[in-house]
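Below are some notes for a colleague who is meeting this structure for the first time. They are arranged as numbered points, to be read with the model in view.

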Amino acid sequence: MSISLQWLGHASFRIRHDDTVIYIDPWKLKGSPKDATIVLVSHSHYDHYSAEDVARVSGPDTKLIAPVDVIGEYGNGQAIKPGQKIEIEGISISGVSAYNPNKQFHPKRNNWVGFVIEAGSKRIYYAGDTDLINEMKTLKDIDVALLPVGGTYTMNAKDAAEAIGHIKPKQAIPYHWGDIVGSRSDADQFAEIAQCEVTVMSPGETIIIE
């Protein structure tokens, strides 16, 4: 079965596979669909962890997976850290390292994460808020890589393109631009220099991953 992937703006995505709906870092959402099977939160910064937006997408059976500080603040859910794998509803969620080696915004010691999501035969990598890090070299068989390109707090376009050389995905989608930091020009620069197929999405746009 195909997978639909919708960019909700900034660092927020909605992924659907069969009857499973996954939200990643929901923020500034319009409406309250309450249709999430799983909500993934990468770290506790306000533009990634919004309790209000988690509630907007969550129903009574929704599972929240996030780092321990987010779970503690929200009050329920399942904690994840880099290197840990969680299976829910036939979906595999692996926590992967996400941090700034030389900046104070996202310290490695916080154990904040990105995710590798395995749904059906596809592997989707969501990098979280991270710079170019050595752990990216260990990622294998990624179909779609979702990478920040805005700079300042995360990789810029050039660094994200270098990450593509390590990850070697079939397709990439830039995020973390268009709000707070980063612009369309950052996304377009990434698309020009990354050595893979790149789709620069507009907020609300959905693509199908075959």
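1. A convenient place to begin is the end of helix H3, which is followed by Lys-168, a residue whose phi is positive, near 55°. It should be kept in mind throughout that this is a predicted model. At the other end of the helix, Asn-156 caps the N-terminal end of H3, with a side-chain oxygen that lies 3.2 Å from the backbone nitrogen of Lys-158.

2. Between these two ends, the buried residues of H3 are Ala-157, Ala-160, Ala-161, Ala-163, Ile-164 and Ile-167. They cover an arc of only 155° around the axis, and therefore sit on the same side of H3. What they pack against is S10, S11, S12 and H4. The helix as a whole lies across S10, S11 and S12, and its direction makes an angle of about 150° with S11.

3. Helix H4 (residues 184–193) can be read in a similar manner, its buried residues being Asp-186, Ala-187 and Phe-190. Seen down the axis of H4, these residues fall within an arc of 100°, so they line one face of the helix. The elements that cover them include S11, H3, strand S12 (171–175) and strand S13 (197–198). H4 lies across S11, S12 and S13, running at about 160° to S12.

4. Turning to the strands, 7 of them form an open sheet with mixed pairing, and their order is S7-S8-S9-S10-S11-S12-S13. At the edges are strand S7 (85–88) and S13, each of which pairs on one side only. As general background, strands of a sheet pair through backbone hydrogen bonds, either parallel or antiparallel.

5. Within that sheet, strand S9 (residues 113–119) and S10 pair in the antiparallel sense over 5 bridges, and one bridge sets Phe-115 against its partner Tyr-126 in S10. The hairpin of S9 and S10 has 2 residues between the strands, and in it Gly-120 takes a positive phi near 60°. S10 itself is mostly covered, since 4 of its 5 residues are buried.

6. On the side of S11, the pairing of S10 is parallel and is made through 3 bridges, with Tyr-125 having Ala-145 in S11 as its bridge partner. S11 and S12 also pair in the parallel sense, over 5 bridges, and here Ala-145 stands opposite Ala-172 in S12. Ala-145 can thus be followed from its partner Tyr-125 to Ala-172.

7. Which residues have the most contacts inside the largest nonpolar core? That core has 56 residues, and the ones in question are Leu-5, Ile-117, Tyr-125, Leu-147 and Phe-190. Its largest share, 6 residues, comes from helix H3 (residues 157–167). A second core, separate from this one, has 13 residues and includes Val-39, Val-41, Val-54 and Ile-71. In soluble globular proteins, nonpolar side chains tend to be buried together.

8. Leu-5 merits a closer look, with residues up to four places away in sequence left out of the count: among the residues that it touches are Phe-13, Ile-15, Ile-124, Leu-146, Ile-173, Met-201 and Ile-209. Its contacts also include Arg-14, Glu-205, Thr-206 and Ile-207.

9. Two residues in the loop between S10 and S11 deserve separate comment, and one of them is Gly-128. Is Gly-128 buried or exposed? Its relative accessible area is 0%, so Gly-128 counts as buried. Beyond residues up to four places away in sequence, Gly-128 touches Ser-42, Val-113, Gly-114, Pro-148 and Tyr-175. The C-alpha atoms of Gly-128 and Leu-146 are separated by 8.5 Å, although these residues are 18 residues apart along the chain.

10. The other is Asp-143, placed in the loop between strand S10 (122–126) and strand S11 (144–148). Because its relative accessibility is 8%, Asp-143 counts as buried, the cut-off for that label being under 20%. A polar atom of the Asp-143 side chain lies 2.8 Å from the backbone nitrogen of Arg-123. Not counting residues up to four places away in sequence, Asp-143 touches Ser-121, Lys-122, Arg-123, Pro-169, Lys-170 and Gln-171.

Conventions: Residues numbered from 1 in each chain as written. Predicted model: local features only at pLDDT ≥ 70, side-chain atom pairs only at ≥ 80, totals over all residues. Heavy atoms only, no water. Core = buried A, V, L, I, M, F, W, Y, C linked by side-chain atoms within 4.5 Å. Buried < 20%, exposed > 50% of the residue type's maximum accessible area, 1.4 Å probe, protein only. Contact = heavy atoms within 4.5 Å. Polar contact = N/O pair within 3.5 Å; in protein donor to acceptor, adjacent residues only side chain to side chain. Arc of directions from axis to C-beta. Pairing = 2+ DSSP bridges. Axes fitted to C-alpha atoms, helices over the stretch in contact; angles between N-to-C directions.
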